[in-house]
Amino acid sequence: MRNGPVLIVDDDLDIREALAETLKDRGFDVLTAANGLEALKLIRRMTTHPSVILLDLMMPVMDGYGFLEECRKDPALASIPLAIVTAGHGVDRSRLGKGAPIVPKPFDVSQLLGVLHELGSGAEGTA
Amino acid sequence: MTRREPRGSGHGEPPDETRDSAQARARAAEQRFQLVVESVRDYAIFALDPSGRVATWNTGAKLIKGYLPEEIIGKDMSIFYAPEDLARGRPRALLDAALSAGRVEDEGWHVRKDGSRFWADVVITPIRDPQGQLQGFVKVTRDLTLRKDAEERLRQSEESLGATLYSIGDAVLATDEEARVTRINPVAERLTGWSEREAVGRPIDEVFAIINEDTRAKAPNPVRRVLAEGVVVGLANHTALISRDGTERPIADSGAPIRDAQGVTRGAVLVFRDITKERRSEEALRKSQEAVRLSEESLRATLYSIGDAVLATDEQGRVARINPVAERLTGWLEKEAVGHPIIEVFNIVNEDTRARAVNPVTRVLMEGVVVGLANHTALISRDGTERPIADSGAPILDAQGKPRGAVLVFRDTTAERRAEEALRQSEEKLRQMIGSVRDYALFMLDPKGRVASWNPGAERIKGYREEEILGEHFSRFFPPEDIAMGKPARELEIAATQERFEDENWRVRKDGSRFWAHVIITPIRDSSNGLEGFVKITRDLTERRKTEEERLRLAQAKEAIRLRDEFLSIASHELKTPLTALQLQLLGIQDRVAPIDEGVTKRVERAMRVGGRLAQLIEELLNVSRIATGKLELNFEAFDLSDAVREIVERLRDSAESAGSELSIGVADSINGQWDRLRIEQILMNLISNSIKYAAGTPIQVSVCREKDLAILKVQDKGPGIPEADLSRIFERFERASSARHYGGLGLGLYVADQIARAHGGMIVASNLPGGGACFTVRLPLDPQQPAAAVSA
């Protein structure tokens, strides 16, 4: 299990807050970013990379697809596990990387936790 | 063709007067048709395709160029041009000019099928569709050879006039309308002292200088009076001509106007002689003058009719002269004929009665008037040959106005007759053609806009019969508001000034109903370009317009539905995000209050259930919009349908039990196929949920089996069944058999299930079981991606 924080990238403040609090309640360390560019800047300043990124697709400034492209260019970022969290409107699967699971909104917490577990992120408080 | 009451019908015959005037009107209408026909025969009117190949062919084209339609259609227009024009690339240049200028007019030699040439006047106009796309050309060709011929004939006649002048014993001098000398014969040359070469072009007063012998003053020139007054003028007595070398001679003369076919004076002829030797004899002079005048008169009569047969007699009706054409037609040579009575040489009979016809010369001599020949007259030549002829006779009058003889001018009309007959037959054909047109109202208007002819198409479209509409003004076909705006008159004005009017608009039938009409009005002109009336062609496009409107409405409705589905899709997605946040927040609250407050925990749980239902409804909406907007994508994978059935039944067992229904399962072996697993599960969920909803409290059985290449899936219950009337529409959007509102949901479950089955090439059938209860049968091809895989009803 890696111990880096979970990075939530979503332009919707309600989602960022609700998701962050839910995960914090379950012992995860959480960081948030409002779009792809903000997320990139944040990751590059971090000494320990996130253990998992939860990425929305439709965002202003830099959307999820743009963020994925940037990650692919940087080997250090390309290795970070990632899940797409989306309302699923017009998802272009061809532009998503292989293997990234999609968590459709609305979702229940057990589904999300299952995905996080699969991607190898562990909460600090859980064994 | 007009529909008429049969004669002697129960309504009785109309009074004679009415019938006669109706017939007269019908006759007038037919004459007008003939006018159109003539213009069609006189012109080769045909279409070319954009590359210049002949596309259509009319009677005029056939007559002028000699080709039958089947010989010429598809051929390039260059076939009509002479080699020298082809070498210069003229055909293509004309098409290019027509394209750039919108029309081109040309005059030149064209080649007929038999290789002969004719002088053609050609107009080429491009045809374009409403988008401006070139569809081809209309080419209108007129044969002007006859005009050329007429010019040639005139030239020959002038030559022969010249020959006559030069051989005459008197001096003859001719001028143009400005009194300049145009001709002067050798006798006149001698008397005036001017050679023709020197005299031509000089004013008459210079060449023909005369004085009064008594006063020695310059005498007024008779040519001036002839030209000014257009009359025959005799010279005053005691006139002397001063020749160029000063020699003075007493002369006698007379002047006469030269008139063209329209009677306009084009010049003057002066005939004069030296009367030095005769002057003491007044009688001799008078006779001489008379002889000159007579000779000139007869000469002129002869000259005017060159090309036709001419026969002149003395006052007793004996042949005095006969020209070569007349020799040929009568079979008499001039030297044989002269002195014979006219009735011998010019032997005519009435073609119908075979009786000897009254000889026009007899009447001319008796009455001193111009006489035209009766119709249907035939000339019997000396060898018995009979020819239809047309002629006229005119008297040769002396100074006292007494006939001194007669001139008879006649011609062989055999060819004309034949042409007339051919024309009549072709007219008849065209009349029948127009009479059989039922899709178009094709009729004529007089210049004031009154209906002058009518066809069955017009009767069918507008509802009027010929006898009730002839003579009525065409404004009655217009709606009142158009009449108030003066539209009828404006349409005719445009047609008259722009040679064509075209419009699509509402028109009114006899019964007052309106129809959508396409109208073309073109003016008809006579040979001198005067307006004879209009041809109006009307088509009833009401049905087409209705169809177009219907199509437009349908397209608009489809677009509205598409927009709504698009909106539905976007709105549903937008709803999902806040719903997710709400559910997460509720979960957070639940986690925190669960150990502390049981009451609050229960209420949060309810709130979460409501949220869950909201999520389901949104998903249902999304499914519908995906289907409606064609975005239902299937992700095929291989799986065992029996497995899927077992899984779903297990998933729904709890909710079935809480509704009082026992879920049983009838699954044989594994049934492997290629489907979209999530979508197939959705079908199962929707059908089972439907039974749980409508057949609560009764057992529900789900079974699956295989039949050849099909998987058959059944969901049966023991509930109230489906009303017969609803069986056919139960799979439609927002339909449900029960109108009760208490069932909840959007009524889209069966619709979605059906659409998914169809997307897999399958189908769902709803039926009622004999012992009560409903049965839904789903048939799915095992491999829907096989081209032939589809379940037919």
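In chain B, the residue B:D640 belongs to strand β23, which covers residues 637-640. The structure is a predicted model, and this briefing looks in turn at that residue, at chain A as a whole, and at the contact between the two chains.

**The surroundings of B:D640**

- B:D640 counts as partly exposed because 15 other C-beta atoms lie within 10 Å, and a residue is called buried only at 20 or more and exposed only at 12 or fewer.
- When its neighbours within four places in sequence are left aside, B:D640 is in contact with B:S670, B:I671 and B:N672.
- The C-alpha atoms of B:D640 and B:W675 are 9.6 Å apart in space, while the two residues are 35 residues apart in sequence.

**The fold of chain A**

- Chain A contains 5 helices and 5 strands, and when these elements are read along the sequence they follow the pattern β-α-β-α-β-α-α-β-β-α.
- Chain A has 127 residues, of which 35% count as buried.
- Among the contacts in chain A with a separation of 6 or more, 66% are made by residues that stand 24 or more positions apart.

**Where chain B touches chain A**

- The contact between the chains is made up of 15 residues from chain B and 14 residues from chain A.
- On the side of chain B that touches chain A, the element that gives the most is helix α21 (residues 542-593), which supplies 14 residues.
- Sorted by character, the residues on that side of chain B comprise 7 nonpolar, 6 polar and 2 charged.

Terms used:
Residues numbered from 1 in each chain as written. Chains lettered and ligands numbered in written order. Predicted model: local features only at pLDDT ≥ 70, side-chain atom pairs only at ≥ 80, totals over all residues. Helix = DSSP H or I, 4+ residues; strand = E, 2+ residues; numbered from the N terminus. Contact = placed C-beta atoms within 7 Å. Nonpolar A, V, L, I, M, F, W, Y, C, P; charged D, E, K, R; others polar.
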